[in-house]
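Dear colleague,

I am handing over the structure below, and after it I set out what was found when it was examined. Please read the notes with the coordinates open beside you.

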Amino acid sequence: MDQQWVYFCGGVRLIEGVKQRATSGYIGINAQHELVLFDNKGEEFDRAPVRAVEMKFSMMANSLKTPGHKYNVVFHPLGQEIGGAVGGLVGGAIAGGIAAAANGEDKRSEKEKRQQFIDAFKQLHP
């Protein structure tokens, strides 16, 4: 996870079909504009250019479709998960996001994590 992030947060449940890929995983958009998904241990299991990803977020459900995979996404309320938005597109929204991530002090609500992800994604998606 040592790279530059446009958006990053922990405490994300990622479900592919009936298989739970992460109960408290991580989701990020890196500086190369790739969506990167991590399991609970921080091990990457999917990566795709944002331009190749379909996002459908509604009041009822959130889903991401990468080439060959479709995930239901649930942003958990805050805890000790790593999280933060940095630099570039979303950086102004959360000052000190990286410092908070390093200390496990991400104070964003579930709603904030979700909306900031949507904002970052839409700025990079054609």
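A salt bridge is taken here as a side-chain nitrogen of Lys or Arg within 4 Å of a carboxyl oxygen of Asp or Glu. Please keep in mind throughout that this is a predicted model, and that the values which follow are computed from it.

With that cut-off, a search of the whole structure gives three salt bridges. In one of them the side chains of Arg 47 and Glu 34 come together at 2.8 Å, N to O. Because Arg 47 belongs to strand β4 and Glu 34 to strand β3, this pair ties together parts that are 13 residues apart in sequence. Arg 47 also meets Glu 44 through their side chains, with an N to O distance of 2.6 Å, and Glu 34, Glu 44 and Arg 47 are thereby linked in a network of salt bridges. As for accessibility, Arg 47 is partly exposed at a relative accessible area of 34%, and Glu 44 is likewise partly exposed, at 40%.

Another salt bridge joins the side chains of Arg 21 and Glu 16 at 2.9 Å, N to O. Here the two partners fall in separate classes, since buried means under 20% relative accessible area: Glu 16 is buried at 19%, whereas Arg 21, at 23%, counts as partly exposed.

Turning to the strands, β1 (residues 5-16) and β2 (residues 19-30) pair in the antiparallel sense over nine bridges, and within this pairing Leu 14 stands opposite Ala 22 in β2. The hairpin of β1 and β2 has two residues between the strands, and Gly 17 takes a positive phi near 65° in it. Strand β2 is also joined to strand β3 (residues 34-38), by four bridges and again in the antiparallel sense, with Phe 38 in β3 as the bridge partner of Tyr 26. Three residues lie between the strands in the hairpin of β2 and β3, where His 33 takes a positive phi near 65°.

Strand β1 pairs with β7 as well, antiparallel and over four bridges, and the bridge partner of Leu 14 in β7 is Val 73. Since 10 of the 12 residues of β1 are buried, this strand is largely enclosed by the rest of the structure.

The largest nonpolar core has 25 residues, and those with the most contacts inside it are Tyr 7, Ile 27, Ile 29, Leu 35, Leu 64, Phe 75 and Phe 117. The elements that give two or more residues to this core are β1, β2, β3, β4 (44-49), β5 (54-57), β7 (69-75) and α2 (110-124). A second core, separate and made up of five residues, includes Trp 5, Phe 8, Tyr 26 and Val 36.

The aromatic residues deserve a paragraph of their own, and the structure holds 10 aromatic pairs. In one of these pairs the rings of Phe 117 and Phe 121 have their centres 6.0 Å apart and their planes at 35°, so the pair is tilted. Both residues lie in helix α2, four residues apart, which is about one turn of the helix, and both Phe 117 and Phe 121 are buried. Ring pairs further link Phe 117 and Phe 121 with Tyr 7, Phe 57 and Phe 75 into a cluster.

Finally, which residues does Val 50 touch, leaving aside those up to four places away in sequence? Val 50 lies in the loop between β4 and β5 and, at 1% relative accessibility, counts as buried. With that exclusion applied, Val 50 touches Ile 29, His 33, Glu 34, Leu 35, Phe 121, Leu 124 and His 125. For Glu 34, the separation from Val 50 is 16 residues in sequence and 5.2 Å in space, C-alpha to C-alpha. Two of the residues already described therefore return here: His 33, with its positive phi near 65°, and Glu 34, from the salt-bridge network with Glu 44 and Arg 47.

With best regards

Terms used:
Residues are numbered from 1 along each chain as its sequence is written. This is a predicted model: local features need pLDDT of at least 70, side-chain atom pairs count only at pLDDT 80 or more; totals for chains, interfaces and linings use all residues. Side-chain values use heavy atoms; hydrogens and water are left out. Two strands pair if DSSP finds at least two bridges between them. A nonpolar core is a set of buried Ala, Val, Leu, Ile, Met, Phe, Trp, Tyr and Cys residues joined through side-chain atoms within 4.5 Å. Buried means under 20% relative accessible area, exposed over 50%, partly exposed in between (1.4 Å probe, protein chains only). Rings of Phe, Tyr and Trp (its six-membered ring) pair if their centres lie within 6.5 Å; planes under 30 degrees apart count as stacked, over 60 as edge-to-face and the rest as tilted. Contact means heavy atoms within 4.5 Å.
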